[in-house]
Amino acid sequence: MKWTVDLPSRSVNILDLTLNIRGGVVHSCTFQKELNLKLYIPPHSEQPKSCVKEMVTGILIRFWEQNSAREDFRYFAKDFSMI
């Protein structure tokens with residue numbers, strides 16, 4: 001087993017979340033790898049429309065709860081918005 005140790009910093013990625021300390025306050029933001037393929041169920045699939053709707057609703061709720069700043073939420077939600 002090999003351990004890798006990083007120097008202390010004010011930012012850390014934990015699973016799908018980035019935590020930053022700015023001005024003594026912890027801010028959170030959704031973390032996605034650069035090569036994230038975003039393989040979601042397409043809207044024209046044979047899944048019941050309610051399943052597709054609830055999947056999108058669940059993803060948007062997760063983005064809303066994970067992002068401290070509204071700009072971050074808008075950035076991640078833009079793929080699911082018709083606005």
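**Exercise 1.** In this predicted model, decide how helices α1 and α2 are oriented to each other: roughly parallel, roughly antiparallel, roughly perpendicular or oblique.

*Solution.*
Step 1. Two packed helices are described by the angle between their axes and by the distance between those axes.
Step 2. Helix α1 covers residues 49–66 and helix α2 covers residues 70–77; the angle between them is about 155°, and their axes lie 9 Å apart.
Step 3. Angles over 145 degrees count as roughly antiparallel, so α1 and α2 are roughly antiparallel to each other.
Step 4. Their crossing is right-handed.

**Exercise 2.** Which residues make the contact between α1 and α2, and how do they divide into nonpolar, polar and charged?

*Solution.*
Step 1. Helix α1 contributes L60, F63 and W64.
Step 2. Helix α2 contributes R70, F73, F76 and A77.
Step 3. The division gives six nonpolar residues, one charged residue and no polar ones.
Step 4. Arg counts as charged, so R70 is the charged residue of this contact.

**Exercise 3.** Is T30 buried or exposed, and which residues does T30 contact beyond its neighbours within four places in sequence?

*Solution.*
Step 1. T30 belongs to strand β3, residues 25–30.
Step 2. The relative accessible area of T30 is 4%; the limit for buried is under 20%, so T30 is buried.
Step 3. Beyond those neighbours, T30 contacts D16, F63, Q66, N67 and F76.
Step 4. With Q66, the side chain of T30 forms a polar contact of 2.8 Å.

**Exercise 4.** Is K33 buried or exposed?

*Solution.*
Step 1. K33 sits in the loop between β3 and α1.
Step 2. Its relative accessibility is 65%; exposed means over 50%, so K33 is exposed.

How values were computed. Residues numbered from 1 in each chain as written. Predicted model: local features only at pLDDT ≥ 70, side-chain atom pairs only at ≥ 80, totals over all residues. Heavy atoms only, no water. Axes fitted to C-alpha atoms, helices over the stretch in contact; angles between N-to-C directions. Helix = DSSP H or I, 4+ residues; strand = E, 2+ residues; numbered from the N terminus. Parallel < 35°, antiparallel > 145°, perpendicular 65-115°, else oblique. Left-handed = near helix turned anticlockwise from the far one by under 90°. Contact = heavy atoms within 4.5 Å. Buried < 20%, exposed > 50% of the residue type's maximum accessible area, 1.4 Å probe, protein only. Polar contact = N/O pair within 3.5 Å; in protein donor to acceptor, adjacent residues only side chain to side chain.
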